[in-house]
Amino acid sequence: MASPAKNILIIGGGFSGMAAAIQLRKQQLNVDIVEIDPGWRSYGAGISLGGATLRAFKTLGILPQFLERGAADDGVDIFLPHGQQVASLPTPRIAGPDVPGGGAIMRPVLAKILAEVTTASGANVRLGCTFTALRQHDDGVEVTFTDGTTKDYDLVIGADGLYSNTRAAIMPEAAKPKYSGQCVWRAVLPRTPGMDRVSMWLGPKIKTGLNPVSKDEMYLFVTEDRVDNVTVDPKLFAPMLSELLAPFSAPLMQQCREQINDHAQIVYRPLESLLVQLPWHRGRVVLIGDTVHATTPHLASGACIGIEDALVLAEELERADSVEQALTQFGARRWERCRMVVENSGRLGEIEITGGDKAEHAQIMRTTLAALAEPI
Ligand SMILES: Cc1cc2nc3c(=O)[nH]c(=O)nc-3n(C[C@H](O)[C@H](O)[C@H](O)COP(=O)(O)OP(=O)(O)OC[C@H]3O[C@@H](n4cnc5c(N)ncnc54)[C@H](O)[C@@H]3O)c2cc1C
């Protein structure tokens with residue numbers, strides 16, 4: 001069936017917005033994207049990806065580029081701070097028997113892969129531009145842009161992230177992002193020989209881990225509890241991160257600690273989350289990705305559920321008689337999966353902060369990863 005929306009605007013060129021553009025262009029729909037950042041940059045260190053994300057990459061058509069420029073392998077190894085291994089968790093091959101169960105890549109590299117495919121798809125990308133007004137009428141949305149132009153669309157997709165202006169414009173009453181009580185530190189280091197898959201060292205209050213992101217780099221992450229959501233002076237990044245790693249006496253961790261300096265691309269981020277109740281649309285404006293379900297990274301699935309939103313929205317548009325029907329169906333299909341990721345990630349964080357039940361932590365990880373393997 002032909003889509004009831006032919007002219008579509010996507011606000012935000014992050015992972016979710018670019019994935020939507022790629023899928024909608026496969027249906028030959030007219031797609032404009034406005035991205036507020038003139039450089040279309042993606043910041044941050046590595047991003048960890050589970051098997052469900054690699055399955056979404058396969059559907060999008062970017063799996064070969066990911067496998068070439070990122071890193072992928074099976075399983076997760078868990079250690080105590082002094083180095084004793086306590087578990088080795090399997091990661092099912094969700095994307096197919098020939099695709100590893102997980103992986104990671106540098107964020108800017110993934111953003112570049114998606115931007116290349118988005119541009120090649122024929123989507124019209126305008127950088128350094130956003131909307132100033134959305135005016136809904138009976139058969140469309142009139143959008144005014146910061147460059148002074150105005151255009152009519154059948155559908156507007158808000159994919160402008162956690163602090164979405166689109167969400168503020170169409171549902172000012174929606175829930176606001178909430179600080180979780182944890183923050184995460186990340187750094188990029190040369191890949192140690194033999195470091196092929198995700199490895200984590202679990203301290204009583206602090207968790208650290210390593211994940212290869214390319215043939216010769218790996219990223220280090222450290223999750224730390226902090227009651228208040230404070231900013232940290234970047235001049236203090238290296239000494240503070242080094243201090244956090246001090247109790248991890250495992251030789252590999254101490255080797256990493258010695259490499260923490262101002263060149264290690266250290267990033268510090270407080271962890272916030274958001275879950276907006278359905279419906280995720282008002283009239284002909286729909287929200288996807290972090291605009292409606294931003295998760296803490298405990299299940300490494302935030303990018304996954306945002307990209308899956310794009311796949312499902314495109315499918316529902318292809319089969320619906322009206323935009324309203326497509327958007328209602330989209331929300332109904334996505335709610336449970338996204339709720340599960342946001343709430344279960346939040347619970348994992350709470351257990352870590354309170355030093356709670358490790359068995360419950362492991363159980364939530366297992367059941368959520370199994371549920372994510374289900375078809376979307
Ligand atoms: C510390 C941290 C670690 C994480 N680690 C992982 C991980 O390991 N694995 C994982 O899967 N997920 C992880 N996530 C989650 C993941 O990063 C997000 O879920 C994902 O980036 C969401 O993509 P998005 O496109 O919906 O939003 P965003 O990535 O926020 O993209 C929004 C885009 O919209 C643009 N924009 C903003 N406002 C406007 C506007 N008004 N007009 C036009 N454009 C606008 C922005 O410039 C940006 O390009 C992590 C998140 C955090 C905070």
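The ligand is surrounded by 28 residues (each with a heavy atom within 4 Å of it), and Ser 16, Glu 35, Ser 48, Arg 107 and Thr 130 are the closest. The model is predicted; local features need pLDDT of at least 70 and side-chain atom pairs count only at pLDDT 80 or more, whereas totals for chains, interfaces and linings use all residues. Residues are numbered from 1 along each chain as its sequence is written, and side-chain values use heavy atoms, with hydrogens and water left out.

By class, the shell around the ligand holds eleven nonpolar, eleven polar and six charged residues. Here Ala, Val, Leu, Ile, Met, Phe, Trp, Tyr, Cys and Pro count as nonpolar, Asp, Glu, Lys and Arg as charged, and the others, including Gly, as polar. At least two shell residues come from each of helix H1 (15-26), strands E2 (30-35), E3 (46-50), E13 (178-190) and E17 (267-275), and helix H8 (302-319). Helices (H or I, at least four residues) and strands (E, at least two) are DSSP runs, numbered from the N terminus.

Polar contacts are pairs of N or O atoms within 3.5 Å. A ligand nitrogen lies 2.7 Å from a polar backbone atom of Ser 48. One ligand oxygen atom is 2.8 Å from a side-chain N or O atom of Arg 107, and an oxygen atom of the ligand is 3.3 Å from a polar backbone atom of Gly 302. Of the 1000 Å² of accessible area that the ligand has on its own, the protein covers 86% (Shrake-Rupley method, 1.4 Å probe).

Helix H2 (residues 51-60) is mostly covered, with eight of its ten residues buried (under 20% relative accessible area, 1.4 Å probe, protein chains only). The buried residues of H2 are Gly 51, Ala 52, Thr 53, Leu 54, Arg 55, Ala 56, Phe 57 and Leu 60. Gly 61, which follows H2, has a positive phi near 100°.

Definitions and conventions:
A polar contact is a pair of N or O atoms within 3.5 Å; within protein, one must be able to donate a hydrogen and the other to accept it, and residues adjacent in sequence count only if both atoms are side-chain atoms. Buried means under 20% relative accessible area, exposed over 50%, partly exposed in between (1.4 Å probe, protein chains only).
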